Amino acid sequence: MKASYKTIFIWFILNIGIMVFMDLALFMQTTPSMKNASFLKKLGVSELLATIEWMFIIPANRIGNRFMSAAQVSLWSYIFDFLGQILSNAFWLKLPTTLDDYVAMILIFVGMYISVYRVLG
């Protein structure tokens, strides 16, 4: 199924939004500004950011399903998630992306490849 460049661009921008808000929801509570925050504040901030993330996930998946299979949409989701992790580690959290992170990424990609091209045809 073909998609216009505009549709793919919108899908791409939505996935960048997912990447940003997912990392914010996951890691905001570990930042120095939230170190001494109460449990409820940490929970509230994480839930707010996760809710905003879902405002990007739903349209991104609906648009992605117009020109990709569900397995392909999932694979691209993992690609954006891992890219977000690498970028967050490097530029925001100032943490190294370790060998086990890369091994996990490769194992998931191999599993997705097998499921998409071998099992599902």
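# Exercises on a four-helix chain

In this predicted model, residues 24 or more positions apart account for 71% of the contacts in the protein chain that have a separation of 6 or more.

## Exercise 1: the chain as a whole

Describe which elements the protein chain has and in what order they run, and state what part of its residues is buried.

Solution. Begin with the elements: the protein chain has four helices and zero strands, and from the N terminus on the order reads α-α-α-α. Next take the dimensions, for which the C-alpha trace spans about 50 × 30 × 25 Å along its principal axes. Turn then to burial and surface: of the 121 residues in the chain, 30% are buried, while the accessible surface comes to about 8300 Å², with 70% of that area belonging to carbon and sulfur atoms.

## Exercise 2: the span of two helices

Check whether the end-to-end distances of α1 and α3 agree with the spans expected from their numbers of residues.

Solution. The expected span is 1.5 Å times one less than the number of residues. For α1, which has 23 residues, this gives 33 Å, and because the end C-alpha atoms are 33 Å apart, the two values agree. For α3, with its 22 residues, the expected span is 32 Å, and the end C-alpha atoms lie 31 Å apart, which again counts as agreement.

## Exercise 3: buried and partly exposed positions in α1

Work out how Gly-17 and Ile-13 are classed by relative accessibility, and find what the buried residues of α1 pack against.

Solution. Both Gly-17 and Ile-13 belong to helix α1. Gly-17 has a relative accessibility of 9% and therefore counts as buried, since the cut-off for burial is under 20%. Ile-13, at 41%, counts as partly exposed. The buried residues of α1 include Trp-11, Leu-14, Gly-17, Ile-18, Phe-21 and Asp-23, and the buried residues of this helix pack against α2 (39–67) and α3 (70–91). In space, Gly-17 and Met-55 are 9.2 Å apart from C-alpha to C-alpha although 38 residues separate them in sequence, whereas Ile-13 and Leu-95, 82 residues apart in sequence, are 26 Å apart by C-alpha positions.

## Exercise 4: a buried acidic residue

Establish what surrounds Asp-23, and which side chain of opposite charge is nearest to Asp-23.

Solution. Asp-23 lies in helix α1, which covers residues 5–27. Leaving aside neighbours within four places in sequence, Asp-23 is in contact with Met-28, Gly-84, Gln-85, Ser-88 and Trp-92; among the buried residues of α3 are Gly-84 and Ser-88. Asp-23 is buried yet has no salt bridge, and the nearest side chain of opposite charge, that of Lys-94, is 13 Å away. Lys-94 itself sits in the loop between α3 and α4, and is classed as exposed because its relative accessible area is 62%. The backbone of Lys-94 has a phi near 55°, a positive value in a residue other than glycine. Most residues other than glycine have a negative phi.

## Exercise 5: a nonpolar patch

Identify which residues form the nonpolar patch on the surface, and place Tyr-117 in its helix.

Solution. The patch is formed by Ile-106, Val-110, Tyr-113, Ile-114 and Tyr-117, which together have about 490 Å² of accessible area. Tyr-117 is found in helix α4, residues 99–119, and is partly exposed because its relative accessible area is 46%.

Notes
Residues are numbered from 1 along each chain as its sequence is written. This is a predicted model: local features need pLDDT of at least 70, side-chain atom pairs count only at pLDDT 80 or more; totals for chains, interfaces and linings use all residues. Side-chain values use heavy atoms; hydrogens and water are left out. Helices (H or I, at least four residues) and strands (E, at least two) are DSSP runs, numbered from the N terminus. Buried means under 20% relative accessible area, exposed over 50%, partly exposed in between (1.4 Å probe, protein chains only). Lys and Arg count as positive and Asp and Glu as negative; His and the chain ends are not counted. A salt bridge is a side-chain nitrogen of Lys or Arg within 4 Å of a carboxyl oxygen of Asp or Glu. Contact means heavy atoms within 4.5 Å. Patches are made of residues with over 30% relative accessible area and no salt bridge: like charges are joined within 9 Å, nonpolar side chains (Val, Leu, Ile, Met, Phe, Trp, Tyr) within 5 Å. Accessible areas come from the Shrake-Rupley method with a 1.4 Å probe; for residues, only the protein chains shown count as cover.
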